[in-house]
Amino acid sequence: MSAPAAVPHTTARVLRLCLWCVLAVAVEIALYLSYRGHDARFHWFTHFFVGSAVALLIMSVVALRTRRPVPLPLVWPLLGHLYAMFPDFLFTGGHIAHEPWMDVFLGHISTHFVPGRNLTWYVVFLAAVALYLGVLHRLRPRRR
């Protein structure tokens with residue numbers, strides 16, 4: 001018996017998802033390396049946790065509204081991270097010093113001064129992951 005016609009489509013979909021995963025991880029590695037001389041662990045993680053947490057919150061709202069998981073789920077946190085660290089691109093590219101107005105980029109300046117620092121942002125990030133997974137669980141069809 002031959003395989004159903006949906007198998008090639010499913011295989012292509014899985015391969016496309018894997019490509020997006022590899023691309024997202026490669027971009028995050030490049031972003032981490034861009035902080036090499038600037039206490040990479042602290043700065044990269046701060047903006048990653050904050051940007052990803054905001055992206056996960058938005059993903060949760062979108063999934064609830066559309067009643068479907070968001071497309072390309074790894075791209076959303078990557079975009080959130082890029083948005084949160086945008087002032088660092090301004091600094092390295094054009095040598096524009098950090099200013100208080102840059103907090104419009106998900107608290108780019110003030111996030112560094114939260115009590116608990118990255119541990120606090122890690123807990124916020126994990127809570128956002130749990131929320132999104134809870135939303136996905138709620139969207140699953142009920143089995144009887």
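Glu28 is buried in this predicted model, with a relative accessible area of 11%, a value that falls under the 20% limit set for buried residues. The residue belongs to helix 1, the element that spans residues 6-34. When residues up to four places away in sequence are set aside, Glu28 touches Trp44, Phe48, Leu78 and His81. Of these partners, Trp44 and Phe48 carry numbers that fall within helix 2, which covers residues 40-66, whereas Leu78 and His81 fall within helix 3, which covers residues 75-84. The acidic side chain of helix 1 is thus accompanied by residues that follow it in the sequence, as the contact list of Glu28 shows.

The chain as a whole is built from helices, with five helices and zero strands in its secondary structure, and the order of elements from the N terminus is α-α-α-α-α. Its radius of gyration is 18 Å, where a compact globule of 144 residues would have a value near 15 Å. The C-alpha trace spans about 65 × 30 × 20 Å along the principal axes. Of the 144 residues, 29% count as buried, and Glu28, at 11% relative accessible area, is one of the buried residues. The accessible surface comes to about 9800 Å², and carbon and sulfur atoms account for 71% of that area. Among contacts between residues at least 6 apart in sequence, 61% join residues at least 24 apart. With regard to charge, the chain holds 13 positive and 5 negative charges, and the mean positions of the two groups are 28 Å apart.

Confidence in the prediction has a mean pLDDT of 87 over the chain, and 92% of the residues reach 70 or more. Among the elements, helix 1 (residues 6-34) has the lowest confidence, at a mean of 82, while helix 5 (residues 117-139) has the highest, at 96. Where pLDDT is low, the predicted coordinates should not be read in detail.

The loop between helix 2 and helix 3 contains Leu72 as well as Leu74. Leu72 is partly exposed, with a relative accessible area of 35%, and its phi is near 50°, a positive value in a residue other than glycine. Leu74 likewise counts as partly exposed, at 40% relative accessibility. Once its neighbours within four places in sequence are left aside, Leu74 is in contact with Cys21 and Ala24, whose numbers place them in the range of helix 1, residues 6-34. Leu74 and Val27 are 47 residues apart in sequence, and their C-alpha atoms are 11 Å apart in space.

In helix 3, which comprises residues 75-84, lies Leu79. This leucine counts as exposed, at 51% relative accessibility, because the class of exposed residues begins over 50%. The C-alpha atoms of Leu79 and Ala26 are 14 Å apart, for a separation of 53 residues in sequence.

A positive phi is also found at Arg117, where the angle is near 45° in a residue other than glycine. Most residues other than glycine have a negative phi, and most peptide bonds are trans. Arg117 is found in helix 5, the element that covers residues 117-139, and is partly exposed, with a relative accessible area of 44%.

Helix 5 also holds Leu136, which counts as partly exposed at 24% relative accessibility, since the limit for buried residues is under 20%. The C-alpha atoms of Leu136 and Leu64 are separated by 8.5 Å, although the two residues are 72 residues apart along the chain. The number of Leu64 places it in helix 2, residues 40-66.

The loop between helix 1 and helix 2 contains Arg36, and this arginine counts as exposed, at 64% relative accessibility. Arg36 and Leu126 are 90 residues apart in sequence, and the distance between their C-alpha atoms is 25 Å. The number of Leu126 lies within the range of helix 5, residues 117-139.

Definitions and conventions
Residues are numbered from 1 along each chain as its sequence is written. This is a predicted model: local features need pLDDT of at least 70, side-chain atom pairs count only at pLDDT 80 or more; totals for chains, interfaces and linings use all residues. Side-chain values use heavy atoms; hydrogens and water are left out. Helices (H or I, at least four residues) and strands (E, at least two) are DSSP runs, numbered from the N terminus. The radius of gyration is taken over C-alpha atoms; the globule rule is 2.2 Å times the number of residues to the power 0.38. Buried means under 20% relative accessible area, exposed over 50%, partly exposed in between (1.4 Å probe, protein chains only). Contact means heavy atoms within 4.5 Å. Accessible areas come from the Shrake-Rupley method with a 1.4 Å probe; for residues, only the protein chains shown count as cover. Lys and Arg count as positive and Asp and Glu as negative; His and the chain ends are not counted. The place of a charge is taken as NZ of Lys, CZ of Arg, CG of Asp or CD of Glu. pLDDT is the predictor's confidence in each residue, from 0 to 100.
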